[in-house]
Amino acid sequence: MVKIMFVCHGNICRSPMAEFIMKDLVRKKNTEHQFFIASSATSTEELGNPVHRGTYKKLKEAGITPEGKYAVRLKRGDYHKYDYILGMDSRNLKNMQYILGDDDDRKLGRLLDYTDQPRDIADPWYTGNFDITYQDIVEGCNAFYHYLVKEGKVIEDKK
């Protein structure tokens, strides 16, 4: 089973968007039984809050529901629970390293590091542009999924 934790600053915009886009992707690929997918924050600012209305709206437009998701914080012990801990930007990555400690197993990275154009995903909390964030996250999730298949960590049913 591939265990993935997506991380952003508050766990109300980008990381829950990534969590639910990835869950939808693996469901459509009929590989959901091979995954455990979650998301968390590096800060405590939004703990217990539901996803941002902009994220909720964008996911609903795509036919994805984030119902029941409330912001939680990344914990030091998460390092041993997950295979991949993927931040949305370089600042998230620095904060993840602070919380989790040494990355001896090389589990930490940015979601868009798996694409042909590695970069940060802009925070729509500040930009107000949930469309671009959504497009970047879809690109990242697809690239990451293909990486997992290529590496033999996910087996697709060829039917």
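These legends describe close-up views of a predicted model.

**View 1. Four strands form an open sheet.**
The strand order is 2-1-3-4. The pairing is parallel. Strand 2 (35-41) and strand 4 (108-110) stand at the edges. Each has a single partner strand, so one side of each is left without a neighbour in the sheet. From one strand to the next, the twist averages 25°.

**View 2. Strand 1 pairs with strand 3.**
Strand 1 covers residues 2-8, and strand 3 covers residues 84-87. The two run parallel. They are joined by 4 bridges. I4 has its bridge partner in strand 3: Y84.

**View 3. Helix 1 and helix 4 meet the strands.**
Helix 1 spans residues 14-28. It lies across strand 1 and strand 2. Its direction is at about 170° to strand 2. Helix 4 spans residues 90-100 and packs on the sheet. Helix 4 touches strand 1, strand 3 and strand 4. The direction of helix 4 makes about 165° with that of strand 4.

**View 4. H52 sits in a loop and is buried.**
The loop runs between strand 2 and helix 2 (53-61). H52 has a relative accessible area of 13%. This counts as buried because the cut-off is under 20%. Leaving aside neighbours within four places in sequence, H52 is in contact with I12, C13, W125 and F130.

**View 5. The side chain of H52 lies by the backbone of G54.**
A polar atom of the H52 side chain lies 2.8 Å from the backbone nitrogen of G54.

Terms used. Residues numbered from 1 in each chain as written. Predicted model: local features only at pLDDT ≥ 70, side-chain atom pairs only at ≥ 80, totals over all residues. Heavy atoms only, no water. Pairing = 2+ DSSP bridges. Axes fitted to C-alpha atoms, helices over the stretch in contact; angles between N-to-C directions. Contact = heavy atoms within 4.5 Å. Buried < 20%, exposed > 50% of the residue type's maximum accessible area, 1.4 Å probe, protein only. Polar contact = N/O pair within 3.5 Å; in protein donor to acceptor, adjacent residues only side chain to side chain.
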